[in-house]
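Colleague: Could you walk me through reading this structure? I'd like the general idea each time, then the case at hand.

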Amino acid sequence: MRTINIYHLYPGYLNLYGDRGNILALYQRAYRRGINVNIIGVDPGGKIDLGHCDLLFMGGGQDSDQKLVAEDLKKRDRDLKHAVENGMPILAVCGSYQLLGHYYTTVQGENIAGLEIIDLYTEPGRGRLIGNALVKCSLWEPPQTLAGFENHAGRTYLGPETKPLGKVIKGYGNNGSDKTEGAVYKNVIGTYLHGALLPKNPWMTDYLLQKALTYRHQDNHLEILDDFVEIQAHNTASRLAGLRRP
Amino acid sequence: MEEREKPGVNKRNNGLSNYLFNPRLLVAIWSGKIIMKLTRILGRGGTTLPGRIALFFAPQISAGLASQLRKGSLIITGTNGKTTTTALINNILKETGYKCIHNQSGSNLTWGVASTLIESASWLGKLHEDWAVIEVDEGSFPEVTKSVNPRGIVVTNIFRDQLDRFGEIDHIQNSIKKGMELLPESSFKAINADDPSLAGIQPQEQKNIIYYGLELDSPSYPFQNTGRDIKTCPLCSKVLAYNKLYYAHLGHYYCPSCSYRRPEPEIKLTGYQVTSTNSSELKLNVAGKSFKTTVPLLGTYNLYNILAAVACARGLEIPLNIIATALQKAVPSFGRMEQFHYKEKNIIMALVKNPVGANEVLRTILNQEGKIDLLIAINDNIADGTDISWLWDVDFEQLLKHQERLNNITVSGIRAWDMAVRLKYAGLDSGKIEVEENLHRALHLSLQYTKPNGKLFILPNYTAMLEMHKDLNRLGLGKSYWDREAINK
């Protein structure tokens, strides 16, 4: 039986915007295809057995939590980088996306050192970028849209070689000015989109599941599921993107 | 009863004669009142526009009106429980013999408060009430505190709520702190001792703080997925430990590495039992004196609301027997487990708006016996919060264990499909979930599914609740909230 081990950092700290929904989506879509999924929650200071991890998920956190988590992650960044180079998939949303870069400066001016996994940095901007967003993503063929909700004060800028996750159709994206959203390096994906992101973008969920299966040298074929409900939710969110601003 | 005289209140009253004949103030009141009438003729309970227009003409309108109150005003803020706590305090004050103004939930932003005061004022801009009991949104708390100069405040709790509007918890905490700093020194502060984010806001040597908290055994159900929104010590940022944890981050906490711990509450709940008639039988202790009362409200979250109201009454030195009598007469507030009967069917409406509140509502309804029909309605209008990701932090997985008791589940509202996905990924059979985005049609559909003597639980978020309430009114059930207000007076 095919098995995937998903590590969730840190369910008690980085869990701001319904991030649990991403884990549930991965779990349900694997389960429906008879793939066994183990979800391992890790607390700060706890052990991540990277030799055992097929997919790493990191959510969003408040500034005060993020600081705590950044310090903890810094201690393991060599192992983490090694796994990334070997193709371990990571999904990092919002706060932890910012942690993937060189640094993150809070609105108060405090500098939080990043993990330097992706060439990007984050600086504070005036006002938060909030609302439904729609992004065109070409990680798979044919390209498909990602619908989600963004809410961030930080403006993320990508290095010249860094590939964005997608192009903003509606909403703000990384910084509200260059129309990029998120970033990709090898199988690491960082994004500002929550909502939660994966439940109403099932193609993204399946992409991650396939990467996780491949990483563990397992058959990565995924049978097609009935996604009527998910697609309806995706369409609602797409329609709302760019329409209303709080 | 005897009231301590507050010198500040009198001083403001003397300066008022100038204010009364201030043409700007009158223009503001009139325009506010006229717009209020117009919106009601149009069938809306408009609480935003009248206040906004009035504030445009006279930014000091709330201060001007509030200063006329014979006793003063009280502010209730915090994430959950504001509406119920406000209603309970209102009941206690009425039982004492006072005349009160109180606002409805949804009018708890700066302009909503202005609307409420304008509505109670005469066309000449006079107020004749003793107290204004005002629920205030955490974000508007500093501004409203500054303008109405309250005699006392109540802070219920801080949870994650409407992140799109407030930003993060740190933000809400700062807003509440700012409001507290603007308070007159003589004003009392009734504060939830069990919420570690609140006790840390005030320096310990502060006077006039009345802490309240639960002194019960830990609940038997395990700690759920919501997570604790507050995890670390506000003084030294180490992870907090608990002797008892009631729900979310509320409980008997202490910091293992510094001196920070739950303050000893003056107002305690020492006993709690649910009666056969769905009331809560309570044993309370107020500054060493015990008394018992039965309150027709359910749920752990309501225990905190009751304690908050008692703490506020303690701040006003209201005798315990009056408090006990007033609590017995409590009724669920607008859309808070409000009950209706229609064609031998029971309809119970409970507002859901954030993970902690929704989890407690789910737990309370699943504790009831028999078959259950569910209608969950989720909008994402600005008043609801446009970010609905919190749905993923609600333990809808609780429903799985009760699947055989679930007769029908309908989801509705602008984000009906998101809700459907949420339930699908909770593991429920998506084929059994009805999706009807239109609230009106969804209500009628659900009522058709509900069998005679069955129970239909409607769980809407804020604007969905307002809309469905109107539908229920059309069926001859309940009253619109402005009519209810008129009756209450």
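Colleague: Let's start with pairing. Which residue is the bridge partner of T122(A) in strand 8 of chain A?

Modeller: This is a predicted model, so read everything as a property of the model. The partner of T122(A) is T156(A), in strand 8 of chain A. To judge a pairing, look at its sense and how many bridges back it up. Strand 7 and strand 8 of chain A run antiparallel to each other, with 14 bridges between them. The connection is a hairpin of 6 residues.

Colleague: And is strand 8 of chain A mostly covered or mostly open?

Modeller: Mostly covered. Of the 15 residues in strand 8 of chain A, 11 are buried.

Colleague: How does chain A look as a whole? Which value of the radius of gyration does it have?

Modeller: The trick is to set the value against what a compact globule would give. For 246 residues that is near 18 Å, and chain A comes out at 17 Å, so the two agree. Along the principal axes, its C-alpha atoms fill a box of roughly 50 × 45 × 35 Å. Chain A has 6 helices and 12 strands, and 53% of its residues count as buried. Then check the contacts: taking those between residues at least 6 apart in sequence, 71% link residues at least 24 apart.

Colleague: What are the matching numbers for chain B, starting with its helices and strands?

Modeller: Chain B has 18 helices and 17 strands. Its 489 residues are 53% buried. With contacts between residues at least 6 apart in chain B, 72% join residues at least 24 apart.

Colleague: Now the interface. How many residues of chain A are in contact with chain B?

Modeller: Count each side on its own: 32 residues of chain A contact 27 of chain B. Next, ask which elements supply them. On the chain A side, those giving two or more residues include strand 7 and strand 8, our hairpin pair, as well as helix 1 (20-31), helix 2 (63-74) and helix 6 (228-240). By class, that side has 13 nonpolar, 13 polar and 6 charged residues.

Colleague: Helix 2 of chain A caught my eye. What do its buried residues pack against?

Modeller: Start with the length of the helix. At 1.5 Å a residue, the 12 residues of helix 2 of chain A should span 16 Å, and the end C-alpha atoms are indeed 16 Å apart. Its buried residues include D63(A), D65(A), L68(A) and L73(A). In chain A, the buried residues pack against helix 3 (77-85), helix 4 (95-99) and strand 6 (111-113); in chain B, they pack against helix 10 (169-181).

Colleague: Can we try the sidedness of a helix? Which residues of helix 3 of chain B are buried?

Modeller: L25(B), A28(B), I29(B), G32(B), I35(B) and M36(B). They cover an arc of only 140° around the axis, so they sit on the same side of helix 3 of chain B. On the other side, P23(B), I34(B), K37(B) and I41(B) are exposed.

Colleague: Last one, a single residue. Why does E266(B) count as partly exposed?

Modeller: Count its neighbours. E266(B) has 18 C-beta neighbours inside 10 Å, so it is classed as partly exposed; buried would take 20 or more. E266(B) lies in the loop between strand 8 (250-254) and strand 9 (267-274) of chain B. Leaving out residues up to four places away in sequence, E266(B) touches I210(B), Y211(B) and A287(B). Its C-alpha atom is 9.5 Å from that of R314(B), 48 residues away along the chain.

Conventions. Residues are numbered from 1 along each chain as its sequence is written. Chains are lettered from A and ligands numbered from 1 in the order in which they are written. This is a predicted model: local features need pLDDT of at least 70, side-chain atom pairs count only at pLDDT 80 or more; totals for chains, interfaces and linings use all residues. A residue is buried if 20 or more other C-beta atoms lie within 10 Å of its own, exposed if 12 or fewer, and partly exposed in between; C-beta atoms are placed from the backbone. Helices (H or I, at least four residues) and strands (E, at least two) are DSSP runs, numbered from the N terminus. The arc is that of the directions from the helix axis to the C-beta atoms. Two residues are in contact if their C-beta atoms, placed from the backbone, lie within 7 Å. Ala, Val, Leu, Ile, Met, Phe, Trp, Tyr, Cys and Pro count as nonpolar, Asp, Glu, Lys and Arg as charged, and the others, Gly among them, as polar. The radius of gyration is taken over C-alpha atoms; the globule rule is 2.2 Å times the number of residues to the power 0.38. Two strands pair if DSSP finds at least two bridges between them. The expected span of a helix is 1.5 Å times one less than its number of residues.
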